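Me: I've got this model open and I'd like a close look at a single part of it. Could you walk me through one helix and what sits around it?

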Amino acid sequence: MWRKFRPVIGSQVLATIIAASIAAWIAGLHGAISAALGGLISIIAGLAFVLLTARNKVRSAGEVLLVAFKAEAAKLFLAISLLWLVLAAYQEVVVVGLIGSFVVSILIFSMALFAGDKT
């Protein structure tokens with residue numbers, strides 16, 4: 001499981017660094033911090049998904065779906081909670097940078113579905 005998500009998480013980190021650099025150029029320090037936080041929120045939520053799915057040993061298709069739905073629900077709850085926390089606590093947040101970086105990072109995470117399983 002980790003083998004499949006490791007390059008995707010690396011891509012998320014790289015995209016977050018690029019987004020933070022672009023946001024710094026456009027909106028300054030607070031833009032860079034906002035974009036970095038947006039990407040980090042997605043990375044943390046994605047890691048929670050991976051941890052929840054990797055630790056379960058499933059034997060049937062129904063169990064796979066149940067674990068996947070639970071992990072996705074936890075990822076969604078964590079992402080929304082962290083976004084709310086940043087928006088509530090960081091007064092100088094650049095919302096476009098935060099949400100833009102978050103969306104790009106979430107889209108990259110979905111690439112794991114298409115990654116080949118080389119085992």
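Reply: Here is a walk along helix 2 and its surroundings. Keep in mind that this is a predicted model.

Let's begin with Ala32, which sits in helix 2, the run of residues 29-54. Its relative accessible area is 16%, and because the cut-off for buried is under 20%, Ala32 counts as buried. Setting aside neighbours within four places in sequence, Ala32 touches Ala20, Ala23 and Ala24. To get a feel for distance along this helix, go from Ala32 to Leu47: that's 15 residues in sequence and 22 Å in space, C-alpha to C-alpha.

Now look at what comes in from helix 1, which covers residues 2-27 and holds Thr16. Thr16 is buried too, with a relative accessibility of 9%. Leaving out neighbours within four places in sequence, Thr16 is in contact with Ala35, Ala36, Gly39, Leu40 and Ile43, and also with Ser101 and Ser105.

Next up is the packing against helix 3, residues 61-89. The axes of helix 2 and helix 3 come within 8 Å and cross at roughly 155°. Angles over 145 degrees count as roughly antiparallel, so that is how helix 2 and helix 3 run relative to each other. Their crossing is right-handed. On the helix 2 side, the residues making this contact include Leu37, Ile41, Ile44, Phe49 and Leu52. From helix 3, those taking part include Val67, Ala71, Lys75, Leu78 and Leu82.

Phe49 deserves a stop of its own. The structure holds one aromatic pair, and Phe49 is half of it, with Phe109 as the partner. A pair of aromatic rings is described by the distance of the centres and the angle of the planes. Here the ring centres are 5.7 Å apart and the planes stand at 85°, so Phe49 and Phe109 are edge-to-face. The pair ties together distant parts of the chain, since Phe49 is in helix 2 while Phe109 belongs to helix 4 (residues 95-109), 60 residues apart. Both rings belong to buried residues: Phe49 has a relative accessible area of 12%, and Phe109 has 6%.

There's one more thing to find at Phe49: Lys75 lies over the face of its ring, 5.7 Å from the ring centre. Lys75 is also one of the helix 3 residues in the contact with helix 2. So if you centre your view on Phe49, you can pick out Phe109 as its edge-to-face partner and Lys75 over the face of the ring.

Note on methods:
Residues numbered from 1 in each chain as written. Predicted model: local features only at pLDDT ≥ 70, side-chain atom pairs only at ≥ 80, totals over all residues. Heavy atoms only, no water. Helix = DSSP H or I, 4+ residues; strand = E, 2+ residues; numbered from the N terminus. Buried < 20%, exposed > 50% of the residue type's maximum accessible area, 1.4 Å probe, protein only. Contact = heavy atoms within 4.5 Å. Phe/Tyr/Trp six-rings, centres within 6.5 Å; stacked < 30°, edge-to-face > 60°. Lys NZ or Arg CZ within 6 Å of the ring centre and 35° of its normal. Axes fitted to C-alpha atoms, helices over the stretch in contact; angles between N-to-C directions. Parallel < 35°, antiparallel > 145°, perpendicular 65-115°, else oblique. Left-handed = near helix turned anticlockwise from the far one by under 90°.
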